[in-house]
Amino acid sequence: MSSLAKVLSPSIREIRLLCCQSAPASAGIRQFIHGSYPSLKQANPHLPVLIREASGTPARAFARFEYGVEKHVELDNLSAKDVEQKVSQLLTV
């Protein structure tokens with residue numbers, strides 16, 4: 001079970017996941033999306049989670065918090081487990 005399968009802080013307004021559909025460097029984030037997105041969305045049904053795939057895009061995750069504060073982490077060349085840890089750190093308020 002994903003560590004993100006819990007209700008997140010209400011100060012988190014949006015999560016954006018960016019990756020390339022075919023690049024090996026984005027394989028970890030694609031596996032994370034397939035494995036963890038359903039439980040994340042089930043625990044947080046009203047939280048916008050945007051997934052953007054575009055050729056050549058580096059794997060990154062962005063979180064927007066209240067008052068327009070944004071943070072991001074780079075996720076290129078990480079395993080799905082490492083991606084989950086980085087995203088969990090990103091979403092810690």
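In the predicted model, arginine 16 has a relative accessible area of 18% and is therefore buried, the limit for this class being under 20%. Its charged side chain is nevertheless paired. Glutamate 14 forms a salt bridge with arginine 16, with 2.6 Å between the closest N and O atoms, and both of these residues are buried. A further salt bridge joins arginine 16 to glutamate 70, at an N to O distance of 3.2 Å. Because glutamate 70 belongs to strand 4 and arginine 16 to strand 1, this pair ties together parts of the chain that are 54 residues apart in sequence. Glutamate 70 itself is partly exposed, at a relative accessible area of 41%.

Glutamate 14, for which the relative accessible area is 13%, also meets the side chain of arginine 64 in a salt bridge of 3.7 Å, N to O. This pair likewise links distant parts of the chain, since glutamate 14 is in strand 1 and arginine 64 in strand 3, 50 residues apart. Arginine 64 counts as partly exposed, with 28% relative accessibility. Glu14, Arg16, Arg64 and Glu70 are thus linked in a network of salt bridges. In total, the model contains 4 salt bridges. Such pairing of side chains of opposite charge can take place when their charged atoms come close.

Strand 1 (12-19) also contributes to the nonpolar interior. The largest nonpolar core comprises 22 residues, and those with the most contacts inside it are Ile15, Ile29, Leu75, Val87 and Leu91. At least two residues of this core are supplied by each of strand 1, helix 1, strand 3 and helix 2. For isoleucine 15, when neighbours within four places in sequence are left aside, the residues in contact are Leu8, Leu40, Leu47, Pro48, Val49, Leu50, Phe62 and Leu91.

Helix 2 (residues 80-90) has a buried side and an exposed one. Its buried residues are Val83, Glu84, Val87, Ser88 and Leu90. These residues lie on the same side of helix 2 because they cover an arc of only 155 degrees around the axis. On the other side of the helix, Lys81 and Gln89 are exposed. The cover over the buried residues of helix 2 includes helix 1 (27-43), strand 3 (60-65) and strand 4 (70-74). Among the buried residues of this helix, Val87 is also one of those with the most contacts inside the largest nonpolar core.

Methods. Residues are numbered from 1 along each chain as its sequence is written. This is a predicted model: local features need pLDDT of at least 70, side-chain atom pairs count only at pLDDT 80 or more; totals for chains, interfaces and linings use all residues. Side-chain values use heavy atoms; hydrogens and water are left out. Buried means under 20% relative accessible area, exposed over 50%, partly exposed in between (1.4 Å probe, protein chains only). Helices (H or I, at least four residues) and strands (E, at least two) are DSSP runs, numbered from the N terminus. The arc is that of the directions from the helix axis to the C-beta atoms. Contact means heavy atoms within 4.5 Å. A nonpolar core is a set of buried Ala, Val, Leu, Ile, Met, Phe, Trp, Tyr and Cys residues joined through side-chain atoms within 4.5 Å.
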